[in-house]
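Colleague: I am new to this model and would like a close look at one part of it. Could you walk me through the largest pocket and then follow one of its helices onward?

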Amino acid sequence: MSGTQPLTERPEWQALVRHQQHLSGTHMRDLFSTDPDRASRFVLKGGGLTLDYSRNRATHETYEKLIALASACKVPERIEAMFRGDAINITEKRPALHVALRDPSGDSITVNGEDIAPTVENTLAKMERFVDDVTSQRWTGRSGKAFTDVISIGIGGSFLGPKLVSEALKPYWQGRLQPHYVANIDGTQLAEVLNRVNPETTLFLIQSKSFKTQETLENSKAARDWFLEQGGTEEDIARHFVAVTTNIDEAVQFGIAEDNLFPMWDWVGGRYSLWSAIGLPVALTIGMDNFRALLAGAHAMDSHFRSAPMAENMPVMMAMLGVWYSNFWGAETHAILPYDHYLRILPAHLQQLDMESNGKRVNQNGDALNYDTGPVIWGGVGANGQHAFHQLLHQGTRLIPADFIIPLQTHNPVADHHVTLYANCLSQSRALMAGKTLDEAKAELAEEGLSAAEIDSLAPHKVIPGNKPSNTLVMDKVTPETLGALIALYEHRTFVQGIIWDVDSFDQWGVELGKQMGKGILDRLTSDRDLSTEPSDSSTDQLIQWFRNRSTTN
Ligand code: F6P
């Protein structure tokens, strides 16, 4: 927002400050009792998802004020700029065009003078041929046997999105290939996977936009060495190793055959890349039709995001509620609570998506910010979390807004499990909202026959303040379409919050310093140079020395 009023001095921001003070004494219980139709009015639909956002510390006036702030920050104009392909990633001077990866229209979008629509479709067609070749066994392992396992080697955005989708869409697996994911430089992860597979029937996908990421390159080299040790030849590598990258030279130098390269582009951010050929392990596992259905689901959410008025726009409203709690109520974290085993990796994916995007401290002009940006995103699958961290949500001192996510139908009907799971989800969001008053706690204890003194001492511990906000997102079932829409919803929510906070949501300079320092430290760990001459600190030196002095040899 160069040349405009600072965000916190804007009249729309100040109006929200005053409105928060006005609402701070109101309990959500009262909002529900004074407005019995509240739930039916605070519902949005888009991309096969339905959002109930009635359990928020918000009235109609709150939403008007939040939308006024979004308008003042030019949210609709910025949404258009993204879809148009403007260079909205300003520090890297690039567009952020993940939406083009799932746009089936074929409408032209120009980046640096080139229409990328045919490039996207050609890549999907190449993926389709590859998936078909592998599944029909035209492309086999070195001994002519069909592939049984695919090991995807990548980290961050080249790992979490595909891993989430493969796990979430397990009911759609075609049953031919078992996917495995190796991300960490902790050798245990690779070793555990390699121990379980047959080198003759294992396909390796090296997934790295940059082809420079240390963890991915080291794991890929180790995988190649293992493959050669297990009887594979240099010529066999072309049958067993495929890569997805923008860095063709490095990939070829690594030994990947040019035909085995799938393109990536600078205009797709790593954490937004699962829709590109980075989704190859998913496509191999669920088939190309289901992969295209995933893209279609995301596209449905894109269309909703681009066309729905802000007050009816699911990503915009969820984003503005997040801003409301982060900047006006002091919430520092946001919980993602999927009530579906298949969605158990969603919190980890959204953690990278949101925290790498909006964990920023300067605005687009490079000026330090005087307001909070991205919250800590965390969470876990329900109902397990209820018996673990939900205690803090109910009675802790912090305000933690939560998103409950649940399908109406399960892929695995077992006895009364699904209805019980659904009941758990609803009881948690209701308990967070309504809580339990001191009088209610005392009445319960009296009913149990406790003495007056016992009631007085125990009752305060049983009070649940309530008034804890949550959204509930419901879908018919976890399908490729609804999952695509769900992930796209959070991508857009993140983008809108970045617009309000005036940060570049598409760069990630913060991860670079650790990488730079890592090189020097690795060098010092593996040599016996005199540490006193190196720029360092006594803690790092001490930890290096401990490692050098270790008794084992590896
Ligand atoms: O270190 C962070 C990061 O740059 C992510 O943004 C990215 O998704 C990940 O590393 C992997 O990068 P690459 O695909 O280039 O190996």
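Modeller: Happy to; here is the pocket, followed by the helix that leads away from it. This is a predicted model, in which local features need pLDDT of at least 70 and side-chain atom pairs count only at pLDDT 80 or more, while totals for chains, interfaces and linings use all residues. Residues are numbered from 1 along each chain as its sequence is written, and side-chain values use heavy atoms, with hydrogens and water left out.

The largest pocket holds about 1,300 Å³ of space. Here a pocket is an open set of points on a 1 Å grid over the protein atoms alone, where a 1.4 Å probe fits and protein lies on both sides within 12 Å along at least five of seven lines. Its volume is the space filled by probe spheres set on the points, which are joined across faces, edges and corners.

Its lining, meaning residues with an atom within 4 Å of a point, counts 44 residues. Nearest the centre are Ser210, Thr213, Val511, Glu512 and Lys515. By class, the lining has 13 nonpolar, 18 polar and 13 charged residues; Ala, Val, Leu, Ile, Met, Phe, Trp, Tyr, Cys and Pro are nonpolar, Asp, Glu, Lys and Arg charged, and the others, including Gly, polar.

Helix 9 (214–229), helix 15 (346–358) and helix 21 (512–525) each give the lining at least two residues. Helices are DSSP runs (H or I, at least four residues) numbered from the N terminus.

Now follow helix 21: its Ile521, Arg524 and Leu525 contact (heavy atoms within 4.5 Å) Thr540, Asp541, Ile544, Phe547 and Arg548 of helix 22. That contact has four nonpolar, one polar and three charged residues.
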